Amino acid sequence: MAFPTVTPPSGAPRPRLAFLGTGYLGATYAICFAELGYEVLGFDVDEAKIAKLSGGEVPFHEPGLDELLRGNLASGRLRFTTSYEQVADFADVHFICVGTPQRADGMGADLTYVETSVSNLARHLRRRALIVGKSTVPVGTAEWVEQLVAKHTDPALEVEVAWSPEFLQEGFAVEDVLRPNRIVVGVKTDWANSMLYASHKGVFDLAATEDREVPLVVTDFATAELVKVAANAFLATKISFINAMAEVCEVAGGDVTQLSKAIGYDPRIGNRFLQAGVGFGGGCLPKDIRAFQARAQELGAGEALRFLHEVDLVNQRRRTRVTQLATELLGRLPGPAGPDLAGTRIAVLGAAFKPNSDDVRDSPSLSIANTLAKAGADVHVYDPQGMANARLARPKLNYEESMTDAVTGADLVCVLTEWAEFRNADPVTLGELVNARRVIDGRNCLDATLWARAGWEYRGMGRPNPSV
Ligand code: UGA
């Protein structure tokens, strides 16, 4: 397809962009695209969130985003609203960035927010516009969104739909949006393609000034939707693969960290996303592999994705492994009803699903902390950024204001999120605070020999016990 220059329907020189849903995805995109020079309007139904963003406060922890938000609010290029009418009146291209959580009644994705945002937006449109899905969705959703748009708009307006998945990682979101490793667009017409190209020209121009290229992959709707879930399924599989190797190392006496390094040198394999530990969590990978299986099943290709069920199981077993290790280290018996850890105090370092994030959705750390508490342990949690969200998600656990408060008097320390603060902690200093020097390194992020030398009984994931 060609990229003829298009005049945006608003008459503005560059398309005006709206991002509907200002969670991690929408807020980051809105802020970064304003930074790229676009006029941007961010929309959400959550008034508190919009008030925060309008006031210059990012409602979640994402390195570098606050400064960009404040700078772009000040420039006047970036605004936020809770009004569909304003969004419809303002933008040429509307990116749908709302959440698609796992359904309460099964593994599939809940598309309620997509339906509501698209229908309400479409009802208010008074001129031609492009609606672009960015949310992670089951394949076939873009066609359904087209039907919704047809139902709620005047056909004479010629409102069109496209799909453009995103690949940003929390903690690196700004970089991932400004300097993506690819842009994927699913389109049906030249007009949609040209509008999307114009909407990403800022990204291509930035790359050109830095002597980089950003590959653009133009596909049909189904492929664009599938690219996203396939990418996340592959990443989840890679993590579960190395965690499965960790299980084998544990019984065979191998060291998964060395194994991972050795296979990762093969460029066909690569060493990224090959860190064994307590497994993947967060708001994307776990729910996406389940929704993908559910959708494949509906389409009659369930067999093809059966391995993703195993990927999920390997991932869950790593969480159980920590409780097993804790039971062993604390000298308790497993017992038929699970271990009894009553009378022990355990420090859990980490609540976020990964470092540099305050996101605790499906966090392995919090889920393990909860299991340990259910087994009777007195669990004390500390996380550098995730405390507020953790308190909301698991109100019954004890939360401490610092790492030292959490470990003081502990019979066992579990490092479950690899924050730099924990990786660089001094085992000698911490050793003086605890009741007993026992540590589980759930992310294989500590120097095992150093900790063992400082008198700690160390257990990693898929690694032999260190010799001093
Ligand atoms: C993931 C994908 O990496 C993004 O490309 C995608 O855009 C995003 O989902 C999404 O769908 O929106 P994210 O959820 O931010 O991004 O987190 P990841 O960096 O992928 O990490 C996921 C989990 O895997 C974390 O709990 C992390 O600790 C774990 N992990 C990661 C490992 O256990 N081992 C590794 O080697 C890598």
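Contact here means heavy atoms within 4.5 Å. The model is predicted: local features need pLDDT of at least 70, side-chain atom pairs count only at pLDDT 80 or more, and totals for chains, interfaces and linings use all residues. Residues are numbered from 1 along each chain as its sequence is written, and side-chain values use heavy atoms, with hydrogens and water left out.

**Exercise 1. Describe the surroundings of Glu-170.**

Step 1: place the residue. Glu-170 sits in the loop between strand E6 (160–163) and helix H7 (173–178). Helices (H or I, at least four residues) and strands (E, at least two) are DSSP runs, numbered from the N terminus.

Step 2: check burial. Buried means under 20% relative accessible area, exposed over 50%, partly exposed in between (1.4 Å probe, protein chains only). Glu-170 has 8% relative accessibility, so it counts as buried.

Step 3: list the contacts. Neighbours within four places in sequence are left aside; Glu-170 then touches Tyr-24, Glu-62, Phe-353, Lys-354, Ser-357, Asp-359 and Arg-361.

Step 4: pick out polar contacts. These are pairs of N or O atoms within 3.5 Å; within protein, one must be able to donate a hydrogen and the other to accept it, and residues adjacent in sequence count only if both atoms are side-chain atoms. The Glu-170 side chain makes one with the side chain of Ser-357 at 3.2 Å. Another joins the side chains of Glu-170 and Arg-361 at 3.4 Å.

**Exercise 2. Analyse the aromatic pairs of Phe-19 with Tyr-29 and Phe-33.**

Step 1: set the criteria. Rings of Phe, Tyr and Trp (its six-membered ring) pair if their centres lie within 6.5 Å; planes under 30 degrees apart count as stacked, over 60 as edge-to-face and the rest as tilted. The whole structure holds ten aromatic pairs.

Step 2: classify Phe-19 and Tyr-29. Their centres are 6.1 Å apart, with 35° between the planes: tilted. Phe-19 lies in strand E1 (residues 17–20) and Tyr-29 in helix H1 (residues 24–35), so the pair ties together parts ten residues apart in sequence. Both Phe-19 and Tyr-29 are buried.

Step 3: classify Phe-19 and Phe-33. Centres lie 5.9 Å apart and planes meet at 50°, so this pair is tilted. It links strand E1 to helix H1 across 14 residues.

Step 4: assemble the cluster. Phe-19, Tyr-29, Phe-33, Tyr-38 and Phe-95 form one aromatic cluster.

**Exercise 3. State how covered helix H11 is.**

Step 1: count. Eleven of the 15 residues of H11 are buried, so the helix is mostly covered.

Step 2: find the cover. Helix H9 (221–252) and helix H12 (306–329) are among what covers the buried residues of H11.
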